[in-house]
Each structure stands twice: as structure tokens, then as C-alpha cells.
Amino acid sequence: IRDNLLFSMSYDSSIHYRCRAGVGDSRCKAALESTRLRWSEPKRLFADCGAFQYRSMDVPANISGEQITADSVWSYYENSHLGSGTFDWDEILLCSPDHIITPDMDDRTAESRLEFSRRHAAGFLGLSTSDPRVTPVAVIHGRTVEERKRQYEKFVQMGYDYVALGGMVPLSGKRNLVLEIIAGIVDPEEPLIQEDSILARCRRDGVRIHIFGLNSPDWIRWWYRLGIDSFDGSKLS
């Protein structure tokens, strides 16, 4: 946690930058100056656009009511994380705007949301070139494994070399389905990665992969076994 900071546009990020020795809340200062916790700046940043907060909106908007677009998301990241007063990051991973899709969505709604993610991913990729420190991350959604694979191919064709699998949190208790989506595994007792799976495609294409929202000890075991590049979640891990 001291090396890696996770951010979302759904929450105010500034507290993380204020909370360092000599700055901000006195309780924070006391903790950082104690003999048990020495201050050291974090090394890596991962930030997303807060898609869970606007999942029920037809027209996505952030907590301030501003419409979610490649430009608005990039502007937020730039102001919150890339300017003066932030850390000297070793790695900056920033997610392009996405819109969550659920398995029960009708074709029209699902395709509209897939197109939203594709369109703004293209715009975001161009904007990200203005800061060489940034690695843009495209977020994959879909109702089926095949929809996710098609979305993956679109992002790779655009030029993304880092992708994330979104919409996974509701599936946290469905181990077999999650492993099938990621790696095409049909038998967790003999976990063979299928050559046509998203994970296998990532490895062939030189693309790194992030898993959203699954970081219980059981899932972490699987991520290490499968060689997943990064993951996040609300638990301390």
C-alpha cells in the first residue's frame, strides 16, 4: 500500500497528496513521524474513471455532474495526478472511460455502451501521448466471453498495450466463470489456459492485463498462478 496508490474519479484524490509529513491532518502527521511508520513516497499510481458510480446512467456523468468523455477524464487525471505537487511516480496507469455492462442487458443498450468505451478509448489514447509517463489502460466489458474478446481486439488494434477486465465484481463468487472469461479455463482442478482466451492473446500480443475488483486471498492465489500483471480491490491487499 505504501508503494502503490489506487484512485477513482468517484472520490476526492487530494487527501492522498496532502497526507504527508508536516502537511494536512495532525493525526496523519503524528503517524508519519512515529518510529513505526516512516514516510516514503509511493511509486506507482493506478486510476480509473469511476464507472461503477454512473452504471445506471444512460449518459455517464461524474459526481460533479460533468459528462464523462475522453477529454473530461483526461483533464481530471491531469489536474489531480500529473501536475505539480504530486509524487514523482515510477509508473502511472490511467484508465480510459468505460461504461459497465451487465449480462442481462438488451442488445441495443449493450452495443451502445461497448461503442461508448471504444470511442472514448480512441480519444483517450491520443490524449495520453501528451505525457510520456502515462500508460493508458483500456477497459474491456461484455455480456459474453466472445463480446469481451472482440472488445479486446478493438483496443489492441487502436494501439493499447495494457487492458483491464471490468464488470468482474458481481462475479466474485463464480470462480469457474471468472477463470473462463480470463483464461478459458474449464476445469479449475487442471487449469489449462486456452490458446484463444484473453489471457493467451495478451501474452502473444505483449499486452499487460489488469483485473478489477477481485483481490481476496483466494483470487490473489489465482492471479499469481496465472501471471496476472495487476489487480485491485477494496480489501487491504
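Here's a quick briefing on the sheet, one of its helices and some charged contacts in this structure.

Keep in mind that this is a predicted model. Its seven strands form an open sheet in the order 1-2-3-4-5-6-7, with parallel pairing. Strand 1 and strand 7 sit at the edges, each pairing on one side only. Helix 5 packs on that sheet, and a search of the whole structure turns up twelve salt bridges.

**The sheet, seen from strand 2**

- Strands of a sheet pair through backbone hydrogen bonds, either parallel or antiparallel.
- Strand 2 covers residues 44–48, and four of its five residues are buried, so the rest of the structure largely encloses it.
- On one hand, strand 2 pairs with strand 1 (residues 4–8) in the parallel sense, over five bridges.
- Want some landmarks for that pairing? Look for Asn4, whose bridge partner in strand 2 is Arg44, and for Ser8, whose bridge partner there is Asp48.
- Strand 2 also runs parallel to strand 3 (residues 91–95), and four bridges join the two.
- A handy marker here is Leu45, which has Ile92 as its bridge partner in strand 3.

**Helix 5 and Lys149**

- Helix 5 spans residues 145–158.
- As it packs on the sheet, helix 5 touches strand 4 (134–140) and strand 5 (162–165).
- The direction of helix 5 makes about 155° with that of strand 4.
- Lys149 has its place in this helix.
- Is Lys149 buried or exposed? With a relative accessible area of 9%, Lys149 is buried, because the cut-off for that label is under 20%.
- Leaving out residues up to four places away in sequence, Lys149 touches Asp196, Ser197, Ile198 and Arg201.
- With Asp196, the Lys149 side chain makes a side-chain polar contact of 2.9 Å.

**Salt bridges to look up**

- Arg143 and Glu147 meet through their side chains in a salt bridge, at 2.8 Å from N to O.
- The two partners differ in how they are classed: Arg143 is partly exposed at 24% relative accessibility, whereas Glu147 counts as buried at 10%.
- Arg201 and Glu153 form another salt bridge, with their closest N and O atoms 2.8 Å apart.
- Arg201 belongs to helix 7 (residues 198–205) and Glu153 to helix 5, so this pair ties together parts that are 48 residues apart in sequence.
- Arg201 is buried at 12% relative accessibility, while Glu153 is partly exposed, with a relative accessible area of 26%.
- Then there's Arg203 with Asp229, whose side chains meet in a salt bridge at 3.4 Å, N to O.
- What does the Arg203 and Asp229 pair tie together? Arg203 lies in helix 7 and Asp229 in the loop between helix 8 (217–226) and strand 7 (230–231), so the pair links parts that are 26 residues apart in sequence.
- Arg203 is partly exposed, with a relative accessible area of 40%, and Asp229 is partly exposed too, at 35%.

**A shared network**

- Which residues are joined into one network by salt bridges that share partners? They are Glu146, Lys149, Glu153, Asp196 and Arg201.
- Two of these names should ring a bell from helix 5: Lys149 is placed there, and so is Glu153.

Methods:
Residues numbered from 1 in each chain as written. Predicted model: local features only at pLDDT ≥ 70, side-chain atom pairs only at ≥ 80, totals over all residues. Heavy atoms only, no water. Buried < 20%, exposed > 50% of the residue type's maximum accessible area, 1.4 Å probe, protein only. Pairing = 2+ DSSP bridges. Polar contact = N/O pair within 3.5 Å; in protein donor to acceptor, adjacent residues only side chain to side chain. Contact = heavy atoms within 4.5 Å. Salt bridge = Lys/Arg side-chain N within 4 Å of Asp/Glu carboxyl O. Axes fitted to C-alpha atoms, helices over the stretch in contact; angles between N-to-C directions.
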